[in-house]
Amino acid sequence: MTTTNAIDLNAEETAANRRELKARERRAAAESKRRIEAAHAEAAEALRTNTCPTCGRKVRRNLSLTGWVQCEQFGAPAFRKDSTAAPCDWQGFTQ
Ligand SMILES: [Zn+2]
């Protein structure tokens, strides 16, 4: 094998690595998009049915951020619908 061939092989390997990295990035981006869409759909469904997907209690919008939905039992006791009932940490975004 000549030095030139070795260099060509390395160049091919590098190009293949770049293609593989790009393919991995595309798959990771697609997976991230899918997860975000699933989370948005879950929050939209919780809002539509007014039901927390974790504990089954009602949900409420948090108007601090657009699309923010939380279980009515989310947060510090003073912020919960029923401070004597169990807390729930479910929250999501519809967008
Ligand atoms: Zn809940």
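I count a residue as buried if 20 or more other C-beta atoms lie within 10 Å of its own. With that rule in hand, I opened this predicted model and found that buried residues make up 12% of the 95 residues in the protein chain.

**Entry: overall shape**

I looked at the dimensions next. The C-alpha trace spans about 80 × 25 × 25 Å along its principal axes. I get a radius of gyration of 24 Å for the protein chain, whereas a compact globule of 95 residues would have one near 12 Å.

**Entry: elements**

Which elements does the chain have, and in what order do they run from the N terminus? I read the order as α-β-β-β, that is, 1 helix and 3 strands. I also checked contacts with a separation of 6 or more: residues 24 or more positions apart account for 34% of them.

**Entry: along helix 1**

I picked Ala 44, which sits in helix 1, residues 3-49. To get a feel for distances, I paired Ala 44 with Asp 8: they are 36 residues apart in sequence, and their C-alpha atoms are 54 Å apart in space.

Is Ala 44 buried or exposed? Neither label fits: I count 16 other C-beta atoms within 10 Å, so Ala 44 is partly exposed. Buried would need 20 or more, and exposed 12 or fewer.

**Entry: the strands**

I went through the pairings one at a time. Strand 1 (residues 59-61) pairs with strand 2 in the antiparallel sense, over 3 bridges. These two strands form a hairpin with 6 residues between them, and in the turn I noted Gly 67, whose phi is positive at about 85°. Strand 2 also pairs with strand 3 (residues 91-93), again antiparallel and over 3 bridges.

Gln 70 is a handy residue to follow here. Its bridge partner in strand 1 is Arg 60, and its bridge partner in strand 3 is Gln 91.

**Entry: the nonpolar core**

Which residues form the largest nonpolar core? I list 8 residues: Ala 43, Ala 46, Cys 52, Val 59, Val 69, Cys 71, Phe 74 and Cys 88. Helix 1 and strand 2 (68-71) each supply at least two residues of this core.

I then took a closer look at Ala 46, one of the core residues. Leaving out residues up to four places away in sequence, I find that Ala 46 touches Thr 51, Cys 52, Pro 53, Val 59, Val 69 and Gly 92. Among them, Cys 52, Val 59 and Val 69 are also in the core list.

Conventions
Residues are numbered from 1 along each chain as its sequence is written. This is a predicted model: local features need pLDDT of at least 70, side-chain atom pairs count only at pLDDT 80 or more; totals for chains, interfaces and linings use all residues. Helices (H or I, at least four residues) and strands (E, at least two) are DSSP runs, numbered from the N terminus. The radius of gyration is taken over C-alpha atoms; the globule rule is 2.2 Å times the number of residues to the power 0.38. Two residues are in contact if their C-beta atoms, placed from the backbone, lie within 7 Å. A nonpolar core is a set of buried Ala, Val, Leu, Ile, Met, Phe, Trp, Tyr and Cys residues joined through C-beta atoms within 7 Å. Two strands pair if DSSP finds at least two bridges between them.
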